[in-house]
Structures are given as structure tokens and as C-alpha cells.
Amino acid sequence: MSTYKSDLLRVLDERGYIHQTTDAEGLDKLACDRVIPGYIGFDATAPSLHIGSLVQIMMLRRLQQAGHKPIVVMGGGTTKIGDPSGKDESRRLLTAELIDENIAGIRTVFERLLTFGDGTTDAIMVNNDEWLSTLGYIELLRDVGPHFTINRMLTFDSVKLRLEREQPLTFLEFNYMILQAYDFLELARRYGCRLQMGGSDQWGNIVNGMELSRRKDGRELYGLTTPLLTTADGAKMGKTAAGAVWLNEAQLPGYDFWQYWRNCDDRDVGRFLRLFTDLPLDEIARLEALEGAEINDAKVVLANEVTKLVRGEDAARAAEATATQTFAGDGTGDDLPSVAVGDEGMRIGALLTEIGFTASNGEAKRKIAEGAVRLDGLPIIDPSTLVEVGEGDQRKLSLGKKKHGIVTR
Ligand SMILES: N[C@@H](Cc1ccc(O)cc1)C(=O)O
């Protein structure tokens, strides 16, 4: 399949992680010859990462599995600025205390997915606040300023799109790419880091770091970005009507996390298994070839495997047990009320009344506004939500903690 020679690039290619690379052949060769320290940075804008970041985390895992060294950079410093890449609006400024709290939450997930230590291929975690917050302004300007031209800075998407759309880009945000570039330079100096990976919106930031290191130290660095993940229905991955799908238990209970994967679109099963599980490719090929109601078995495997990686074995087992209980018996939940919605689906309000949880559409709307209504464990906040059910599939509708029902096709 893949024409790459190194384990690293072959796996990344075959499993669907690669969107753009700066010099794939050079990197492929380097990966055959030596252990590559490679990094990805994560800003601490919330107390947990969500599944939008899971591709990046999995990529660090692949890097380690292929015999290289993952460097996890916590963006304690860069979060103080706020990356404008891929964003229409400036972020609210976060206090240093909040950033520290967020980092404490975010870091936990890495301990499950990577092996940390002092060995050659052990992962390490560093906080860029360590070097960024002590930089002197005049010194930094003289040190790196001459290597960036405004002309070129204006051509990067993070800047260009805001200017084109006439949306404000503050001077603070404009400086973000310089600081991320400085990180790459610093990591290359400190740890011999040669590779930076990230989402497709990070391309400009990565390239800037490569150019800076080339100019200042004459070092060749590499960059690789992942595709922007969307679901089969075109939505940005990890965003549901109910909000983000958080990686941490404190932000999203294990069962709900499990359900997100269990209820993914049929067309996404293979891609998600390749990206988010360690299952071998031939096993995945078999699972994604399942059809009709059987594809749901593949989704259960997906949900179990991802939950195991992110939340641990116990969480995966508990979630599956809850699901089995809820949907026990003949598969429509023996003792739970159920409603069939047909091919067109049904609006959430009508459904609540139809299943007997509410007496009227008005009451249904009120319950939704109170945040009491959940579909597959995730709150529904939009009263116009259309509930659809795939063939051979079923969904769980809940009102409050006690009322549960099954929605079938
Ligand atoms: N800018 C990245 C995070 C990051 C921070 C520091 C870096 O050195 C690299 C990446 C993001 O917003 O996702």
C-alpha cells in the first residue's frame, strides 16, 4: 500500500493521519536511520482536551510505537497569547492560575496513551512557559524579529483570513506564530527535536519554526499535519449538538464517551478504527466490511477500544455493561418504552411526547431548555433537533435521571 520505507511514515500513511508534510522523503529516510524526537503542542484553553485533539495524541502514540520519542508540549506560555489559527474570533484571555489548572487536567490523558520516562524512546512532557515567559522583549525582537517579514506573516491563513473577512486580529494574536516558531527552535536545541506535527491549521506555525531554526542554527526540521476531521455528515468531529466530546471523565462520563463512538455514522467506522484504535489493519478491514445491522458490532468494538485507550479498561467494560443492560432482551429494551421514528426521523419535542415523557410539545420544550433531555447520554439543547435512527440501530432517549426509552427506526 504505502511506498514509505520507515515504520513511522508507513503507519501514519496507511492509517490516514497525513494531510501535508514538508519533506516526506527526507523524513522517511531519517526515520529509518535514527530515533526521531517529535513534538506536538497543546494549548490549555479548557480543563480537558476533546476528541478533536485525539488524532494528535494518537499520532504521538504511533511515533512511540514506531520506535521514536514523543515530546508533549503543554502550552502554558502560548495559551497566554491564544492561537488565532482556525479561529474567527479572539479568545478571552485566561489567567495564569486557570491555565495551570487546565494543564493539570489535560496532562492526565497522556499518561494512559504514552509511556513516559528517561529512556531513548520514552515520552517527555514540557511546558513552554518555562522558556517563553522569561524572554525579554527587546532581546527577543532583536534575536528572532529580523528573521520574520511582515510581508510573509500576512500570507499565513491565521492572519490572512481575518484580514480578508475584516475580522479583528489583535497584535497579541499576531505574535502567536513567532512564539510557536520559537518553541520548535528551542526544542530542537534542547532535545534534538526534528519533527513537529499538528492539525492542518497548524501548518503556518510549523513552517515558521522550521524556517527560524534553519536561519538561526542551520538545522533542517520537518513538519507534518493531519487532515481536519469531519464526520460523514460533514460536521466537525467531536462537536455534537450537546457540545464537545471531552476526553476526561470529569467533563464527560464514560458511558457518554462510549456512546459517541457506538453511535457514529456507518461510513466513519473504518476510518475511526484506523485512527483511534491499535487494532491491526486486516482486522479493521474485516470489521468495516460488515453490513446492515452487523456494522453495529463493529461500532461496539470501536467504542470499547477507544474507551479502553482513553479512559482505561474498567471504564470500557462498565460502559458496555450499561449499554447491554439498557438495550437488554430482544434488543429493544424489554421494560423500556420505545418509539419507532421511520426513515424520516422525528423532532425531539414530538418524540418526547410520543414516548410518553411529556404531556405536550410545550412541556417538551421546557424540559429541553432545562437541559433535562439526553440522547445517547448527551444533552440536547436545540428543540428543533431531528432524531434519526440508522437501519438496525437504536438510540436511547432520557428525561432526567429516571426516564429512559428506546428510539428505533
Ligand atoms: N498552536 C497549537 C498549540 C501549540 C502550542 C505550542 C507549540 O509549540 C505548538 C503547538 C494549537 O492551538 O493547537
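**Exercise 1. Describe the second largest pocket by its volume, its lining and the residues nearest its centre.**

Solution. Start with the volume, which for the second largest pocket is about 940 Å³; a volume here is the space filled by probe spheres set on grid points that are joined across faces, edges and corners. The model is a predicted one, in which local features need pLDDT of at least 70 and side-chain atom pairs count only at pLDDT 80 or more, while totals for chains, interfaces and linings use all residues. Residues are numbered from 1 along each chain as its sequence is written, and side-chain values use heavy atoms, with hydrogens and water left out.

A pocket is an open set of points on a 1 Å grid over the protein atoms alone, where a 1.4 Å probe fits, with protein on both sides within 12 Å along at least five of seven lines, and lining residues have an atom within 4 Å of a point. Next, take the lining: 32 residues line the second largest pocket, and D233, N263, C264, D265 and R395 lie nearest its centre. Finally, divide that lining by residue type, which gives 13 nonpolar, six polar and 13 charged; Ala, Val, Leu, Ile, Met, Phe, Trp, Tyr, Cys and Pro count as nonpolar, Asp, Glu, Lys and Arg as charged, and the others, Gly among them, as polar.

**Exercise 2. Repeat the description for the largest pocket.**

Solution. The largest pocket holds about 1,300 Å³ of space. Its lining has 50 residues, with S53, K87, R91, D201 and Q202 nearest the centre. Strand 2 (37-43) is among the elements that give two or more residues to this lining, and with five residues strand 2 supplies the largest share; helices (H or I, at least four residues) and strands (E, at least two) are DSSP runs numbered from the N terminus. By type, the lining of the largest pocket comprises 20 nonpolar, 21 polar and nine charged residues.

**Exercise 3. Determine where H68 is found and what surrounds H68.**

Solution. First, place H68 in the loop between helix 3 (54-65) and strand 3 (69-75). Second, take its relative accessible area of 2%, so that H68 is classed as buried (under 20% relative accessible area, with exposed over 50% and partly exposed in between, for a 1.4 Å probe and protein chains only). Third, list its contacts (heavy atoms within 4.5 Å), which, leaving aside neighbours within four places in sequence, are L8, A31, R34, V35, I36, L63 and T121. Among these partners, I36 has its backbone nitrogen 2.8 Å from a polar atom of the H68 side chain.

Key. A polar contact is a pair of N or O atoms within 3.5 Å; within protein, one must be able to donate a hydrogen and the other to accept it, and residues adjacent in sequence count only if both atoms are side-chain atoms.
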